Amino acid sequence: MAEFISLYSGSSGNSSVVRCGQRYLIVDMGKGVRTTSAALKALGLAASDCDGILVTHEHSDHISGLTTLTKQLRLPVYASPGTGRQLCYRIAFLEELLRPVAPGEGFSIGGLAIESFPTSHDAAESVGYALSAGGRKAAVVTDLGYVTGAVLRGIRGADLLVVHITTVNLGQGEPVQI
């Protein structure tokens, strides 16, 4: 059984955990290591049990703690090729830890099946993630500008949908501020 836990969300930083047993993945790393480590500890999670970090895009509120955490733990970082290039420009040693995943590509980590899908955002190659385990699916989309066919396909069948939205264009008229 998998479980999704939001560690924090907002303009000052975003991060979530997807846990399967004692193993887990971090989705985005938008605050410092101290803040994230304290949140993980409160959940009874050891940093050594983390299997990697999924990055949705390269904006600072999604990656500000990435440099320190990856330097300390040498965790693999999963990101789209466009986001991966941007991260490698900012984090010198990251290339050896980066696992590029093209939007639409599926992969597995531990007991989780993961598929990335493109999202609309003003970043190099922003993606959302659909994570499945035990017949259940969670989809995570962040900073969604508008809903595309790719987003609808990515979230289809999700038992849990986590959406971080600042502005949405529903296809008619002007964008709606949420």
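Contact here means that heavy atoms lie within 4.5 Å of each other. With that in mind, the reader can begin at one residue of this predicted model, Asp 28, which sits in the loop between strand 3 (23–27) and helix 1 (33–42). Leaving out residues up to four places away in sequence, Asp 28 touches Asn 14, Ser 15, Ser 16, Ile 53, Leu 54, Val 55, Thr 56, His 57, His 62 and Thr 142. Asp 28 counts as buried because its relative accessibility is 2%, and buried means under 20%. Leu 98, which lies 70 residues from Asp 28 along the chain, has its C-alpha atom 14 Å from that of Asp 28.

Asp 28 also leads to an enclosed space inside the model, since Asp 28 is among the residues that line the largest cavity, together with Asn 14, Ser 15, Ser 16, Val 27, Val 140, Thr 142 and His 164. That cavity has a volume of about 30 Å³, and the count of cavities of 30 Å³ or more comes to one. Strand 2 (15–20) and strand 10 each supply at least two residues of its lining, and the lining residues divide into two nonpolar, five polar and one charged.

From the cavity the text turns to the largest pocket, which holds about 210 Å³ of space. Its lining is made up of 13 residues, and those nearest its centre are Ala 2, Glu 3, Arg 136, Lys 137 and Ala 138. Strand 1 (2–8), strand 9 (127–133) and strand 10 (136–146) each contribute at least two residues to this lining, in which nine residues are nonpolar, none is polar and four are charged.

Ala 2, one of the residues nearest the centre of the pocket, lies in strand 1 and counts as partly exposed because its relative accessibility is 31%, where partly exposed covers the range between the buried limit of 20% and the exposed limit of 50%. Apart from its neighbours within four places in sequence, Ala 2 is in contact with Arg 19, Cys 20, Leu 112 and Ala 133. Phe 117, by comparison, is 115 residues from Ala 2 in sequence and 20 Å from Ala 2 in space, C-alpha to C-alpha.

Cys 20, a contact of Ala 2, raises the matter of the cysteines. A disulfide requires a pair of cysteine sulfur atoms within 2.5 Å, and by this rule the count comes to zero. Cys 20 is in no disulfide, and the nearest cysteine sulfur, that of Cys 50, is 13 Å away; Cys 20 counts as buried because its relative accessibility is 18%. The sulfur of Cys 88 is too far for a bond, because the closest cysteine sulfur, in Cys 50, is 18 Å away, and Cys 88 is likewise buried, with a relative accessible area of 19%.

Cys 88 belongs to helix 4 (residues 81–90), where Gly 82, Thr 83, Gly 84, Leu 87 and Cys 88 are buried. An α-helix has 3.6 residues a turn, so residues three or four places apart point the same way. The buried residues of helix 4 pack against helix 2 (60–63), helix 3 (66–73), strand 5 and strand 6 (98–100).

Confidence in the prediction varies along the chain, which averages a pLDDT of 87, with 92% of the residues scoring at least 70. The highest mean, 97, belongs to strand 5 (residues 77–79), and the lowest, 40, to strand 12 (residues 176–177). Over residues 172–178 the pLDDT is below 50, and beyond near neighbours in sequence this stretch has ten contacts in the model.

Methods: Residues numbered from 1 in each chain as written. Predicted model: local features only at pLDDT ≥ 70, side-chain atom pairs only at ≥ 80, totals over all residues. Heavy atoms only, no water. 1 Å grid on protein atoms, 1.4 Å probe; cavity = no way out; pocket = protein on both sides within 12 Å on 5 of 7 lines; lining within 4 Å. Points joined across faces, edges and corners; volume = space filled by probe spheres on them. Helix = DSSP H or I, 4+ residues; strand = E, 2+ residues; numbered from the N terminus. Nonpolar A, V, L, I, M, F, W, Y, C, P; charged D, E, K, R; others polar. pLDDT = per-residue confidence, 0-100. Buried < 20%, exposed > 50% of the residue type's maximum accessible area, 1.4 Å probe, protein only.
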